[in-house]
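Biologist: Could you take me through this one slowly? I'd like to hear the reason behind each label you use.

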Amino acid sequence: MYVQLYDTTLRDGSQGEGVNFSLQDKLMITKKLDEMGFDYIEGGYPLSNEKDFEYFQKVQELNLKHAKVCAFGMTRRRGVDASEDVGMRALVDSKAPVCTVVGKTWDLHVTEVLRVDLEENISMIRDSVSYLVSEGREVIYDAEHFFDGYTANPEYALQTILAAQEAGANLIVCCDTNGGSLPERLVRILNEVRNKVTTDLGIHCHNDSDVAVANSLAAIDAGIVQVQGTINGIGERCGNADLISVAANLALKYDDHEVLTQGNGISHLTELSRYVYELANMNFRVNQAFVGRSAFAHKGGMHVHAVNRIAHSYEHIDPETVGNERRILVSELSGRSNIVAMTTKYKLDHDQQLMTQILERVQELENEGYQFEAAEASFDLLVKKLAGTYEPKFQRIHYRVNVETAGQTDPLTEATIKLTIDGDGPVRHEVGEGDGPVNALDTALRKALLPTYPNLKGMNLVDYKVRVINSTQGTAASVRVVIESKDENDVWSTVGVSENIIEASWLALVDAIEYKLFKDDGDVKHSV
Ligand SMILES: CC(=O)SCCNC(=O)CCNC(=O)[C@H](O)C(C)(C)COP(=O)(O)OP(=O)(O)OC[C@H]1O[C@@H](n2cnc3c(N)ncnc32)[C@H](O)[C@@H]1OP(=O)(O)O
Ligand SMILES: CC(=O)C(=O)O
């Protein structure tokens with residue numbers, strides 16, 4: 001059976017705290033979802049604001065291949081003719097081929113929130129749906145608070161959706177608006193309802209009980225034809241059902257269900273997830289099922305040992321089927337298998353003694369506060385050092401960092417560096433200024449190294465993180481600095497640990513620069 005996916009990232013997703021898509025973001029996401037084969041895209045609420053109204057004008061120029069664009073709104077206001085209601089007019093004026101109308105199911109909401117009588121609410125539903133049908137639109141009726149309403153007053157809840165059915169709704173969507181339902185209740189109610197309505201049913205779950213995806217899958221087993229949700233599960237409060245997980249589960253775990261067959265869907269889910277995070281200006285959730293960076297990251301030594309032999313021994317699917325990748329991490333929890341996996345590219349695995357030596361050194365350093373799983377470039381340099389193939393690219397004689405405050409101006413930071421490139425060679429002595437100590441050190445170091453290593457011009461620091469790793473010791477505690485660097489081809493991370501934040505930064509900085517130079521010489525192989 002084909003299951004329709006209805007994406008409401010641009011409407012319900014926008015109701016998530018901190019989410020605000022620009023008009024351009026909305027159009028770009030629409031295009032992406034269409035390419036992936038999503039069936040319905042709820043673009044926004046045209047009555048709500050100018051941006052959403054304009055979206056529906058602009059989206060007509062996109063020439064979508066498959067997806068139908070839906071405009072969202074509520075039933076007509078109390079006591080107003082549907083044809084004169086501003087919300088109804090906004091839906092019609094949006095020119096969207098599909099209108100999705102939300103109406104009240106729960107008698108509590110009708111009498112205490114809307115403050116209309118039960119009959120008027122039924123009329124509001126019937127009038128709104130039939131008006132939009134008469135305007136030639138496909139109408140999806142979202143029955144808000146369906147499961148809570150049905151539990152409180154099943155007869156009335158049923159009357160509301162029968163009104164939508166009689167008025168010509170194409171689909172009735174049962175919404176778990178407060179996200180409080182568990183699968184057992186949801187399926188029981190859907191089974192009861194399915195015997196009493198002839199219109200196709202859909203499901204719209206919120207994640208307040210952390211089971212929105214499980215509820216959506218259970219609803220499919222109970223015969224619904226459409227799942228509504230958002231990319232990455234963003235949305236009001238705890239969010240909506242994550243369509244990434246819904247789609248991946250349906251495509252990969254069921255023999256008799258299909259999704260996203262009209263596009264390049266499943267194998268691009270990881271890319272889609274990250275695209276939406278980027279446009280929403282949100283951090284990726286590393287442990288997100290299927291598409292997170294850690295979704296197939298193996299850390300425990302016993303796991304890595306098994307994965308090296310049979311990948312699926314610790315993986316529920318092949319990561320590539322959703323566009324993700326397997327990663328092996330090194331840490332104090334590693335066994336020799338992790339080290340073997342991480343050094344395969346250097347073909348050192350025949351040297352069991354070296355493997356053990358690397359493992360012991362990683363464990364020692366992690367005990368001091370290093371963390372190699374986020375600094376694979378420093379790990380590669382460590383391997384080189386222990387394998388005896390490391391020749392330093394320069395030797396530090398000393399550095400000095402000065403921070404000066406004068407009057408009301410911002411502090412001035414200056415770093416001086418003294419080094420030699422090859423031991424006996426001439427001493428280079430350079431000064432650099434910067435916004436802070438690390439920036440000043442980086443500037444001075446580059447000045448000293450650039451005449452010999454001009455390729456450092458193409459390298460930049462892109463991120464700098466500091467963490468206190470033994471906070472019980474106050475200012476004497478160690479700090480861990482992780483630096484992310486990039487050039488035109490790669491991004492890599494390095495780590496330094498010291499009781500002195502400048503020295504920790506220096507160690508991470510030196511690793512970053514040496515890694516770049518070894519990489520360009522082909523002496524380390526980039527795989528981060
Ligand atoms: C479950 C959901 O996610 S539904 C979607 C929720 N999304 C949003 O609210 C985001 C967009 N909303 C908005 O931009 C605004 O709330 C608007 C434009 C829709 C309405 O704004 P306002 O007219 O200022 O009303 P306000 O938001 O304060 O209150 C909602 C009004 O709609 C009424 N209303 C709520 N649901 C319905 C409904 N299903 N049918 C008819 N009227 C409804 C309420 O009774 C209230 O009207 P009242 O003050 O006359 O009692
Ligand atoms: C329609 C909707 O967003 C809800 O009921 O949650």
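**Labels and the numbers behind them**

Modeller: Let's start at a helix end: N49 caps the N-terminal end of helix 2, with a side-chain oxygen 3.2 Å from the backbone nitrogen of K51. Keep in mind that this is a predicted model, where local features need pLDDT of at least 70, side-chain atom pairs count only at pLDDT 80 or more, and totals for chains, interfaces and linings use all residues. As for bookkeeping, residues are numbered from 1 along each chain as its sequence is written, chains are lettered from A and ligands numbered from 1 in the order in which they are written, and side-chain values use heavy atoms, without hydrogens and water.

Biologist: What makes the N49 pair a polar contact?

Modeller: A polar contact is a pair of N or O atoms within 3.5 Å; within protein, one must be able to donate a hydrogen and the other to accept it, and residues adjacent in sequence count only if both atoms are side-chain atoms. Here an oxygen of N49 and a nitrogen of K51 are 3.2 Å apart, so the distance fits the 3.5 Å limit.

Biologist: And what makes something a helix?

Modeller: Helices (H or I, at least four residues) and strands (E, at least two) are DSSP runs, numbered from the N terminus. The chain has 17 helices and 16 strands. Helix 2 covers residues 50–58, and D52, Y55 and F56 are buried there. Those three cover an arc of only 90° around the axis, which puts them on the same side of helix 2; the arc is that of the directions from the helix axis to the C-beta atoms.

Biologist: What do the buried residues of helix 2 pack against?

Modeller: Helix 1, strand 2 and strand 3. Contact, by the way, means heavy atoms within 4.5 Å.

Biologist: Why is K32 called buried?

Modeller: Buried means under 20% relative accessible area, exposed over 50%, and partly exposed in between (1.4 Å probe, protein chains only). K32 has 13%, so K32 is buried. This lysine is in helix 1, and beyond its neighbours within four places in sequence it is in contact with E271, L272 and Y275.

Biologist: How do you know whether S273 is buried or exposed?

Modeller: S273 has a relative accessible area of 1%, so it counts as buried. It lies in helix 11 and, leaving aside neighbours within four places, touches I231, N232, I244, Q288 and V291.

Biologist: Why is R237 called partly exposed?

Modeller: Its relative accessible area is 49%, so it counts as partly exposed. R237 sits in the loop between strand 8 and helix 10. Its phi is near 55°, a positive value in a residue other than glycine.

Biologist: Which label does H145 get, buried or exposed?

Modeller: Buried, because its relative accessibility is 4%. H145 is in the loop between strand 5 and helix 6, and its phi is positive too, near 50°.

Biologist: What makes helix 9 "mostly covered"?

Modeller: Of its 10 residues, 7 are buried. Its cover includes strand 6, helix 8, strand 7, strand 8 and helix 10. After helix 9 comes G223, with a positive phi near 100°.

Biologist: Now the ligand: how do you know which residues surround ligand 1?

Modeller: A residue is near a molecule or strand if one of its heavy atoms lies within 4 Å of it. There are 17 around ligand 1, and the closest are Q15, S48, T75, R77 and R78. Strand 4 gives the largest share of the shell, 3 residues.

Biologist: What classes make up that shell?

Modeller: It has 6 nonpolar, 5 polar and 6 charged residues. Ala, Val, Leu, Ile, Met, Phe, Trp, Tyr, Cys and Pro count as nonpolar, Asp, Glu, Lys and Arg as charged, and the others, Gly among them, as polar.

Biologist: Which distances link S48 and R77 to ligand 1?

Modeller: A polar side-chain atom of S48 lies 2.7 Å from a ligand oxygen, and an N or O atom in the side chain of R77 is 2.8 Å from an oxygen of ligand 1. The protein covers 58% of the 1000 Å² of accessible area that ligand 1 has on its own. Accessible areas come from the Shrake-Rupley method with a 1.4 Å probe; for residues, only the protein chains shown count as cover.

Biologist: And how much of the whole chain is buried?

Modeller: Buried residues make up 53% of its 528 residues.
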